[in-house]
Amino acid sequence: MTYNVFTAFTDRQKELFEENYMDHLYRRNGEINLDACQLSARERFFEELEANPVRRHGPSVVEQEVFERNAARRYPEPSLDEATLWALAMTKSNRLESYGIKYALSCLNQKVREPNDPLTYIELEENYHTRVLKNALEVVGLEMRLLPPPPTTRFLLKSMVRLPKAVTNTMILCTEVAGVGAFSMLRDKAHELFDDQPEPLQRLDEWFQQILVDEVCHVNYARSQLGPIRLKIAQAMLPAVAHGFINDMPEYKLLFGEKLMDRILAADVASVVADYNDKFLPAYN
Ligand SMILES: [Fe+2]
Ligand SMILES: [Fe+2]
């Protein structure tokens, strides 16, 4: 199943998408508790996995001290190995997501939001992603601390929450596409780096699956909110928006070079989740 995320849905496709997506969100997330920012099915999922932690054994692949020291730096120290750069990219991505979503949720309380609005679910899903990334780092033996992202990223994230939806929807589509690209590269890199221990690798994959299945849906939801003209605008904006965020996380460039931007710009989000059994399958395909 491939599709171009910058192609507009027809009216009929949009109708089907909205119906199917809402069903998917109920099934995947269960009951919503807005005050506690909780989704019942997610809570069960996390409780189960967190009660049965899987950790890599043997000598640590990343030193906690080196990780912490570099996590506080804008640019990492020279000559760090790939596993350390991977961990740093994970924690810096988490900062970005966490800052953006905490800001969005703090603004959400002042607005009226219907519990059956897909956006309410999407924002709570994003909130769980910070827990996913923290758990994923624990698999490789690292404890992470949430620091604020750099000023440019903070400004971009705040603008996305504050500006009118008509303006920000194009940008949101870009960030969701960039997110799928970045997290899929991190997942693939984890397979490359940690395949010597199958069980921890499988757990890492489960955590990535949680994020990627959600994010691909977010891409399609953002797409469903835009007509053909604004989709073209989004496509044109994608390189600049992706650079805006990635430039604040130099570990990505050090790990992947130009390949990351190539993957983001290809925007082939369907293939990223092709092997996952809980991916969203809309009826219109
Ligand atoms: Fe996310
Ligand atoms: Fe997302």
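Two residues are in contact here when heavy atoms of each lie within 4.5 Å. Keep that in mind for the second half of this tour of a predicted model.

**Stop 1: the iron ion (ligand 1)**

Start by selecting the iron ion (ligand 1) and showing the side chains around it. Which protein residues act as its donors? You should find E97 (OE), E126 (OE), H129 (ND1) and E215 (OE), at 1.8 to 2.2 Å from the ion. The angles among these 4 donor atoms run from 90 to 127°, and the site is tetrahedral. For comparison, the ideal angle for four tetrahedral donors is 109.5 degrees.

Now follow the donors along the sequence: their spacing reads E-x28-E-x2-H-x85-E. E97 sits in helix 4 (residues 82–108) and E215 in helix 8 (residues 198–224), so this pair ties together parts 118 residues apart in sequence. Are E97 and E215 buried or exposed? Both E97 and E215 are buried.

**Stop 2: the neighbouring iron**

Next, add the iron ion (ligand 2) to your selection. E126 bridges iron ion (ligand 1) and iron ion (ligand 2), and the two ions are 4.0 Å apart.

**Stop 3: a pair of helices**

Finally, select helix 9 (residues 228–246) and helix 11 (residues 259–266). Their axes come within 10 Å and cross at roughly 140°, and the two helices are therefore oblique to each other. The crossing of helix 9 past helix 11 is right-handed.

Show side chains here to see what touches what. From helix 9, look for L238, P239, A242, H243 and I246; they meet L260, M261, I264 and L265 of helix 11.

Methods. Residues numbered from 1 in each chain as written. Chains lettered and ligands numbered in written order. Predicted model: local features only at pLDDT ≥ 70, side-chain atom pairs only at ≥ 80, totals over all residues. Heavy atoms only, no water. Donors = N, O, S within 2.8 Å, 3.2 Å for Na, K, Ca; no water. Tetrahedral: all angles 85-135°; square planar, octahedral: opposite > 155°, others 65-115°. Helix = DSSP H or I, 4+ residues; strand = E, 2+ residues; numbered from the N terminus. Buried < 20%, exposed > 50% of the residue type's maximum accessible area, 1.4 Å probe, protein only. Axes fitted to C-alpha atoms, helices over the stretch in contact; angles between N-to-C directions. Parallel < 35°, antiparallel > 145°, perpendicular 65-115°, else oblique. Left-handed = near helix turned anticlockwise from the far one by under 90°.
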